[in-house]
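Visitor: Please take me through this model, one question at a time.

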Amino acid sequence: MLTEAFLKGKAELFQALVPGGILTDEIERKIMDVYGGRGKRALEAIKERRVVKRGRRWFVRGRGGEYEVVKTMCTCRDYVMNIATGKADVDMCYHALAKTICERLQAYYVIEPVDET
């Protein structure tokens, strides 16, 4: 169950993520305040350029492979085991959070060609 404090923090965070914006120290702190360790890992994925857009599809390269993210749903184990079941105290795994941040800012991701094979 998501708390009021989480929902309020998330709303404030996402207001700060505007197209063309940048990841300031303040925004990075807010991401980690709201999402904890998942926020830290999302920032690492962004800074290491592991967020990829192929055509209209989004992927994030994680520890165990590459995960597809659709809206805020992800193919990773954390999403399936913790986020989708409501066991986590947040609404996104770090892959989905990294993709969402890049999408909102319209920056920080790698554009790759679509593999037609």
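**Loops, charges and overall form**

Visitor: Does K71 count as buried or exposed?
Guide: The model is a predicted one, in which local features need pLDDT of at least 70 and side-chain atom pairs count only at pLDDT 80 or more, while totals for chains, interfaces and linings use all residues. Residues are numbered from 1 along each chain as its sequence is written, and side-chain values use heavy atoms, with hydrogens and water left out. Buried means under 20% relative accessible area, exposed over 50%, and partly exposed in between, with a 1.4 Å probe and protein chains only. Because K71 has 63% relative accessibility, K71 counts as exposed.

Visitor: In which loop is K71 found?
Guide: The phi of K71 is positive, near 55°, in a residue other than glycine. Helices (H or I, at least four residues) and strands (E, at least two) are DSSP runs, numbered from the N terminus, and K71 is found in the loop between β3 (65-70) and β4 (73-74).

Visitor: What is the relative accessibility of Q106?
Guide: Q106 is found in the loop between α4 (94-105) and β5 (110-112), and its phi is near 55°, a positive value in a residue other than glycine. Q106 counts as exposed, because its relative accessibility is 55%.

Visitor: In what order do the elements of the chain run from the N terminus?
Guide: The chain has four helices and five strands. From the N terminus on, the elements run α-α-β-β-β-β-α-α-β.

Visitor: What radius of gyration does the chain have?
Guide: The C-alpha atoms fill a box of roughly 45 × 35 × 20 Å along the principal axes. The radius of gyration is taken over C-alpha atoms, and the globule rule is 2.2 Å times the number of residues to the power 0.38. With 117 residues, a compact globule would therefore have a radius near 13 Å, which agrees with the value for the chain, 14 Å.

Visitor: Which residue forms a salt bridge with K8?
Guide: Side chains of opposite charge can pair when their charged atoms come close. A salt bridge is a side-chain nitrogen of Lys or Arg within 4 Å of a carboxyl oxygen of Asp or Glu, and a search of the whole structure finds twelve of them. K8 is exposed, with a relative accessible area of 54%, and its partner lies four residues apart from it in helix α1 (residues 4-16), about one turn of the helix. The closest N and O atoms of this bridge are 3.8 Å apart, and the partner of K8 is E12.

Visitor: Which residues are joined into one network by salt bridges that share partners?
Guide: E66, partly exposed at 35% relative accessibility, forms a salt bridge with R61, the closest N and O atoms being 3.3 Å apart. R61 is likewise partly exposed, at 29% relative accessibility. Salt bridges that share partners join into one network R54, R61, E66 and E112.

Visitor: What is the relative accessible area of R38?
Guide: R38 lies in helix α2 (residues 25-47). Not counting residues up to four places away in sequence, R38 touches several residues, including D78, N82, D89 and Y94, where contact means heavy atoms within 4.5 Å. R38 counts as buried, because its relative accessible area is 15%.
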